[in-house]
Amino acid sequence: MSTFQAPKGTYDLTPPRSATFLAVREAIAAPLRDSGYGYIETPGFENVELFARGVGESTDIVTKEMYTLTTKGGDQLALRPEGTASVLRAALEANLHKAGNLPVKLWYSGSYYRYERPQAGRYRHFSQVGAEAIGTEDPVLDAELIILADQAYRSLGLRQFRILLNSLGDKECRPVYREALQTFLRDLDLDEETRRRIEINPLRVLDDKRADVQKQLTDAPKLRDYLCDACKAYHEEVRALLTAAGVVYEDDEKLVRGLDYYTRTTFEFVHDGLGSQSAVGGGGRYDGLSEMIGGPELPSVGWALGVDRTVLALEAEGIELDLPYATSVYAVPLGEEARRVLFGVVTGLRRAGIAADFAFGGRGLKGAMKSANRSGARYALVAGERDLAEGVVQLKDMESGEQSAVPLTEVAAELAKRLG
């Protein structure tokens, strides 16, 4: 065992479990790639001010959870706590919005960092796949992204998740609601930190998970009663599009999520099998974020789905993914001449696109076959001096145990046929 361990609240992904994480990432990304979303990758750290402006100075993410550092040159940087601000910054910097093809549709995958109290489903280092549609105000885009996330989860076999949906209004109607909510909240019995939040961003109080706070919020004014006609019509269109697509959702008037930049549509995917950390992903529309970080007016919408939480949801439902073989063929040489010949065969198989591995280290047959089993290989190639003298190798089916001699010159063709 090493002297060092992974930092508190983080984890290592190692085989074979890491294969499940890769499969989840691929399942989430697949419908995005098929729908015109291009891949984007951003640095793991950004200027602190990007998140302070974009995510919101009053959010827990910025005030309590962000990892910050000062470079030798004096720059203030932060490990990225979320993806949207970074992706929008990169799109603006690359002038993707000026190409004349709006919306700019992007997807990304990576690690994110928040200083939180570690618990099941909540880590200080976590993985997400996200999608952003930048530059267009259209309820069809909001619906598209929700439908694609629903499609991704269902492709994994998940069924016990729920979609929560709400509208947060816009710059026209939300200020009126904000004032009404502040008036209501100021009369409640709340701690000093929550009272400070009332003055900065009162909607965040609605997201407070403490039972004593939620009890006092029963009669809080409803945002739906303050939505302007344009926001009501927009939200109804999103709801109608989801219903027409057969996507089931639940209206949740208290859903605000933890970021300040959301406007109008906001949504969350929750799984009741995960306990208190039930959210597996979510997102919404953020029409003013571009201006917040110094860009032009670019109404946008997006989401991020947690890979870690999705894996936990799969485990909660008892779903085992049908993972592809990491190694299709495992070569076991018996003797020096066989080592040389079979290594040449393995190299040829790899060039032909067949995943192949080799029994390194000159182990005996028994030990090498144990390694073949551990590798998860579908077939084993075994050859000794007698086999080479006859110009054949023994091809063993690792599932059925059946074994047959195959001419050396036909190994690649035979395996390609069997593996499809």
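Which residue in β16 is the bridge partner of Leu395? Ser404 is the bridge partner, and this pairing is a good way into the structure. Please keep in mind that this is a predicted model. Below you will find two open sheets, one of 8 strands and one of 5 strands, followed by backbone details, an aromatic pair and the cavities.

**The sheet of 5 strands**

- Let us stay with the opening pair for a moment: β15 (residues 392-397) and β16 (residues 403-407) run antiparallel to each other and share 5 bridges.
- The hairpin that these two strands form has 5 residues between the strands, and Gly401 takes a positive phi near 85 degrees there.
- Both strands belong to an open sheet with mixed pairing, whose order reads β13-β12-β14-β15-β16.
- At the edges of this sheet stand β13 (356-358) and β16; each has a single partner strand, so each has one side without a neighbour in the sheet.
- From one strand to the next, the twist averages 30 degrees.
- The pairing of β12 (residues 329-333) with β13 is parallel and covers 3 bridges. Within it, Val329 has Ala356 of β13 as its bridge partner.
- Helix α12 (residues 336-351) packs on this sheet and touches β12, β13, β14 (379-383) and β15. The direction of α12 makes about 160 degrees with that of β13.
- Helix α15 (residues 411-419) also packs on the sheet, where it touches β12, β14, β15 and β16. For α15, the angle of about 160 degrees is with the direction of β14.

**The sheet of 8 strands**

- The other open sheet also has mixed pairing, and its strands follow the order β1-β5-β6-β11-β10-β9-β7-β8.
- Its edges are β1 (38-39) and β8 (250-251); since each has a single partner strand, one side of each is left without a neighbour in the sheet.
- Inside this order, β7 (residues 161-167) and β9 (residues 263-271) pair in the antiparallel sense, with 7 bridges between them. If you would like a residue pair to look up, Arg162 has Val270 of β9 as its bridge partner.
- Helix α5 (residues 139-155) lies across six strands of the model, namely β5, β6 (125-134), β7, β9, β10 (279-285) and β11 (300-306). Relative to β11, α5 runs at about 15 degrees.

**Backbone details to check**

- Pro15 and Pro16 are joined by a cis peptide bond, with omega near 5 degrees. Pro16 sits in the segment before α1.
- The bond between Leu102 and Pro103 is cis as well, and its omega is about 5 degrees. Pro103 belongs to the loop between α4 (84-93) and β5.
- Asn95 is not a glycine, yet it has a positive phi of about 55 degrees. Asn95 also lies in the loop between α4 and β5.

**Aromatic pairs**

- The whole structure holds 12 aromatic pairs.
- One of them is formed by Tyr11 and Tyr123: the ring centres are 5.2 Å apart and the planes meet at 65 degrees, so the pair counts as edge-to-face.
- This pair connects distant parts of the chain, with the two positions 112 residues apart in numbering. Tyr11 comes from the segment before α1 (17-33), while Tyr123 comes from the loop between β5 and β6.

**Cavities**

- How many cavities of 30 Å³ or more does a search of the whole structure find? The search finds 2.
- The largest cavity holds about 60 Å³ of space. Its lining is made up of Tyr177, Leu206, Ala220, Pro221, Lys222, Leu223, Glu253 and Lys254.
- Sorted by class, that lining has 5 nonpolar and 3 charged residues, with no polar ones.
- The second largest cavity holds about 40 Å³. Ile40, Glu41, Thr42, Arg80, Val87, Tyr108, Ser109 and Tyr112 line this cavity.
- Here the classes are 4 nonpolar, 2 polar and 2 charged residues.
- Strand β5 (residues 104-113) gives the most to the lining of the second largest cavity, contributing 3 residues.

Technical notes
Residues numbered from 1 in each chain as written. Predicted model: local features only at pLDDT ≥ 70, side-chain atom pairs only at ≥ 80, totals over all residues. Heavy atoms only, no water. 1 Å grid on protein atoms, 1.4 Å probe; cavity = no way out; pocket = protein on both sides within 12 Å on 5 of 7 lines; lining within 4 Å. Points joined across faces, edges and corners; volume = space filled by probe spheres on them. Nonpolar A, V, L, I, M, F, W, Y, C, P; charged D, E, K, R; others polar. Helix = DSSP H or I, 4+ residues; strand = E, 2+ residues; numbered from the N terminus. Pairing = 2+ DSSP bridges. Contact = heavy atoms within 4.5 Å. Axes fitted to C-alpha atoms, helices over the stretch in contact; angles between N-to-C directions. Phe/Tyr/Trp six-rings, centres within 6.5 Å; stacked < 30°, edge-to-face > 60°.
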